[in-house]
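User: Please take a close look at one helix and the parts of the fold around it. I would like a single connected account.

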Amino acid sequence: MPMLLIKGTYKIVGASPDGDSVRFYPDNPDQWDLLRGRQVRRNRSGGAQLRLDGIDTLETHYRPPRGPELHQPAPFAGQAADELLSWLGFENVQRNSNGIVTDASPASRPGYILTRSADIHGRCVALAGRGSDAPARSGSFLTVTEEHLRATANHHQLAEGLAYPTFYRKLYVDLRQEMTAAAQQARQADKGLWPKDQSRSGAKVEGMSTLTDTAVLLPKLFRRLADYLQLNDGDPSLEGFPDYLEQREDRLFILSTGQWTGFDTVVKITNGNTVRLTHDPEGLVFDEK
């Protein structure tokens with residue numbers, strides 16, 4: 001999978017990194033312009049927010065279109081954020097009450113990213129590596145192998161059981177299969193969030209507090225449920241949730257059946273308020289919007 005390699009540094013003070021998103025500053029900001037397709041939204045210093053490709057960690061600060069900021073259950077959201085920063089080499093990370101990093105040691109850490117484009121929010125969709133020893137020259141395109149992938153934060157978060165595999169269409173098959181293997185091994189070993197995961201077994205939703213305090217769910221499902229409950233004005237019934245999902249038009253490919261369909265077809269509601277996925281997350285490939 002050819003991807004652009006960019007060397008730079010990770011900086012976290014003044015930002016609110018979580019388990020699958022962190023700020024990256026290229027050594028040469030002009031190299032952002034080598035990307036094809038959507039452009040990366042960067043600040044005046046050339047820094048940009050990364051979205052780590054192929055993974056989704058529990059939300060630490062999600063804001064629905066209506067209502068206050070929300071989070072998914074502790075401790076897994078915080079553990080994923082702490083693990084990412086520790087893996088990158090940051091220590092003594094201090095945050096304020098809003099989750100913004102106020103201090104860390106050291107102030108920055110060297111690293112590199114492998115990327116092809118940005119998402120609709122302008123975040124760079126990337127594989128994130130650490131250290132000064134990148135596998136190719138900065139500004140060059142590298143055919144990314146499973147070995148390269150295993151040296152990234154993306155793979156590490158899956159292997160530790162702190163991230164759900166969440167695949168999109170542009171991720172190549174060999175990399176997706178390696179990520180699937182890492183996630184399945186973590187699940188079989190009961191690592192991280194997997195012993196508490198209710199995405200397949202089902203969660204009884206009795207209100208927003210279920211989503212924020214107890215139910216460990218695929219973050220994409222959490223976000224859609226949170227948006228829906230905000231629209232539902234406090235009514236916890238999920239009877240209208242499938243129709244809501246259909247209106248959102250999240251398209252996906254079911255690997256086991258070879259079917260293009262909507263997210264609503266892989267979410268099942270029983271007894272009015274129990275929700276579950278009908279397939280494991282790694283068996284779904286979402287279409288990019």
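Analyst: Glu249, just after α7, takes a positive phi of about 60°. The model is a predicted one, and this residue marks a convenient point from which to look back along the helix.

Helix α7 spans residues 241–248, and Phe241, Tyr244 and Leu245 are buried in it. Viewed down the axis of α7, these buried residues fall within an arc of 100°, so they line one face of the helix. Their packing partners are α6, β15 (267–270) and β16 (274–277).

The α6 side of this packing can be followed through Leu221. This residue belongs to helix α6, which covers residues 219–231. Leu221 has a relative accessible area of 0% and is therefore buried, the cut-off being under 20%. Leaving aside residues up to four places away in sequence, Leu221 touches Phe241, Phe263, Val267, Val275 and Leu277. Phe241 is one of the buried residues of α7, while Val267 lies in the range of β15, and Val275 and Leu277 lie in that of β16. By contrast, Arg44 is 177 residues from Leu221 in sequence and 34 Å from it in space, C-alpha to C-alpha.

Beyond Glu249 in the sequence comes strand β13, residues 251–254. The strand belongs to an open sheet of 4 strands with mixed pairing, in the order β11-β17-β13-β14. β11 (167–168) and β14 (259–262) stand at the edges with a single partner strand each, so one side of each has no neighbour in the sheet. Between β13 and β17 (residues 284–286) the run is antiparallel, with 3 bridges joining the two strands. Within this pair, Ile254 stands opposite Leu284 of β17.

Helix α6 also has a part in the largest pocket. It supplies at least two residues of the lining, as do β2 (21–26), β3 (48–52) and β4 (55–56). The volume of this pocket is about 910 Å³. It is lined by 36 residues, and those closest to its centre are Arg51, Asp119, His121, Arg123 and Arg223. The lining comprises 19 charged, 9 nonpolar and 8 polar residues.

The second largest pocket holds about 260 Å³ of space. Of its 18 lining residues, Thr60, His61, Gly78, Arg95 and Gly99 lie nearest the centre. Helix α1 (residues 76–88) gives the largest share of that lining, 4 residues. By class, the lining of the second largest pocket has 8 polar, 6 nonpolar and 4 charged residues.

Notes:
Residues numbered from 1 in each chain as written. Predicted model: local features only at pLDDT ≥ 70, side-chain atom pairs only at ≥ 80, totals over all residues. Heavy atoms only, no water. Buried < 20%, exposed > 50% of the residue type's maximum accessible area, 1.4 Å probe, protein only. Contact = heavy atoms within 4.5 Å. Arc of directions from axis to C-beta. Pairing = 2+ DSSP bridges. 1 Å grid on protein atoms, 1.4 Å probe; cavity = no way out; pocket = protein on both sides within 12 Å on 5 of 7 lines; lining within 4 Å. Points joined across faces, edges and corners; volume = space filled by probe spheres on them. Nonpolar A, V, L, I, M, F, W, Y, C, P; charged D, E, K, R; others polar.
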